[in-house]
Amino acid sequence: MFHSIAVLAGDGVGPEVVVEARKVLGAVADRFGRSLSFTEALVGGRAIDETGSALPSDTIDLCRQSDAVLLGAVGGPKWDDPGAAVRPEQGLLGLRSELQLFANLRPVRVLRPLIPSAVLRGDLLEGVDLLVVRELTGGIYFGPRGRRRHPSGEEAFDTMVYSTGEIERVVRVAGRAACARRNSVVSVDKANVLEASRLWRVTASRVLEEEFPTVKAEHLLVDAAAMHLLRCPRRFDVMVTGNMFGDILTDEASMLAGSMGMLPSASLGDSGPGLYEPIHGSAPDIAGRGIANPVGMILSAAMMCRESLAWLEAADCIERAVECVINAGARTADIASTDDKAISTVEMGDRIATAVRELSPAEATA
Ligand code: IPM
Ligand code: MN
């Protein structure tokens, strides 16, 4: 079997972590006898430098023709001027919207050996296993925005817009995920203030009640959700929320897993290729130093195998390989405690790829 993968390495640490994910995918391809082709294209800041656009049309065409898209990260100080006409982030947002990737799955699993180095108290973290389903092509990220004159100078506005259909489809993704997990969905909004959130809440309630009667549905306001995520993270199974709330809550949730560098994501539509990227950004402060954690990117590649390539044994094997090397003490700087010796991005990738090759069949699926 053959799969074509578009690789958009992007900016900052993006290229460094993408190389490691390709290495690990090469190892599963060898192990399970499938062939993968990787084709690179430009996105983000590097695309701006080379073509003037953050999302060249060649890149969109390549993605549409591929089975899946792997993306590193976009952005960096070089392109951060608030007055700039084009921004690297437009590349990523454009891709999500062009490919209609409305559901962003961000699983947060706490690996036990990382608990001692986490910033939160260990007894709260044991057994945390949650999934945030973030709406990705609507809300305040995509609503009308602009600037206009104002007596004090100028005013600027962004608008949060959600339609019934947009809410229904992402809540269905959450409902289906919950049925395969622990049958609970918490929908997060700000319905005490925002009209878009009031439509979100009634729509989410209706979809969950009518279409997922076995799933326990609850609603939380986003401020309370942010608090409960730290107070008792174990109580959450699936959370579903809008674009901006999901962005913020998943950075928060990453600290449960020890580091932003650990978390993968999958962005999916109704059909067509999925987009797989770690939740961390381009991390310009550490780019080029070979110390970035490639695990979030590698786990995103595992999600790609599962969601877009229907290749479950590869997904399981990569996830087990990551657990194995973490259990064996492999730590990049972001997850190292003071007495661990931190290893490089490349070394972490090498160890995971080796584990993929060497795990026994029982270990690879356990
Ligand atoms: C993320 C990032 C992006 C977002 C940025 C880079 C546009 O923070 O994927 O979480 O806000 O969605
Ligand atoms: Mn983010």
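Strand 1 (residues 2–10) of this predicted model is largely enclosed by the rest of the structure, because eight of its nine residues are buried, that is, under 20% relative accessible area.

Strand 1 pairs with strand 2 and with strand 3, as the table sets out.

| Partner of strand 1 | Sense | Bridges | Bridge or facing residues |
|---|---|---|---|
| Strand 2 (residues 35–40) | parallel | six | F2 opposite S35 |
| Strand 3 (residues 68–73) | parallel | five | L8 with L71 |

F2 thus has S35 of strand 2 across from it, while L8 is bridged to L71 in strand 3. Between strand 1 and strand 2 the chain passes through helix 1 (residues 14–32), and the resulting β-α-β crossover is right-handed.

The largest pocket holds about 530 Å³ of space. Two strands and three helices each give two or more residues to its lining: strand 4 (103–109), strand 5 (129–135), helix 6 (164–179), helix 10 (295–307) and helix 11 (312–327). In total, 22 residues line the largest pocket. Those that lie nearest the centre of the pocket are P107, R109, M303, R306 and E319.

What classes of residue make up the lining of the largest pocket? Nonpolar residues number 13 and charged residues nine, and there are no polar residues in the lining. Both of these classes occur among the residues nearest the centre: P107 and M303 are nonpolar, and R109, R306 and E319 are charged.

Notes. Residues are numbered from 1 along each chain as its sequence is written. Chains are lettered from A and ligands numbered from 1 in the order in which they are written. This is a predicted model: local features need pLDDT of at least 70, side-chain atom pairs count only at pLDDT 80 or more; totals for chains, interfaces and linings use all residues. Side-chain values use heavy atoms; hydrogens and water are left out. On a 1 Å grid over the protein atoms alone, a cavity is a set of points where a 1.4 Å probe fits but cannot get out, and a pocket is an open set with protein on both sides within 12 Å along at least five of seven lines; lining residues have an atom within 4 Å of a point. Grid points are joined across faces, edges and corners, and a volume is the space filled by probe spheres set on the points. Helices (H or I, at least four residues) and strands (E, at least two) are DSSP runs, numbered from the N terminus. Buried means under 20% relative accessible area, exposed over 50%, partly exposed in between (1.4 Å probe, protein chains only). Two strands pair if DSSP finds at least two bridges between them. A crossover is right-handed if, with the strands pointing away from the viewer, the path from the first strand over the helix to the second runs clockwise.
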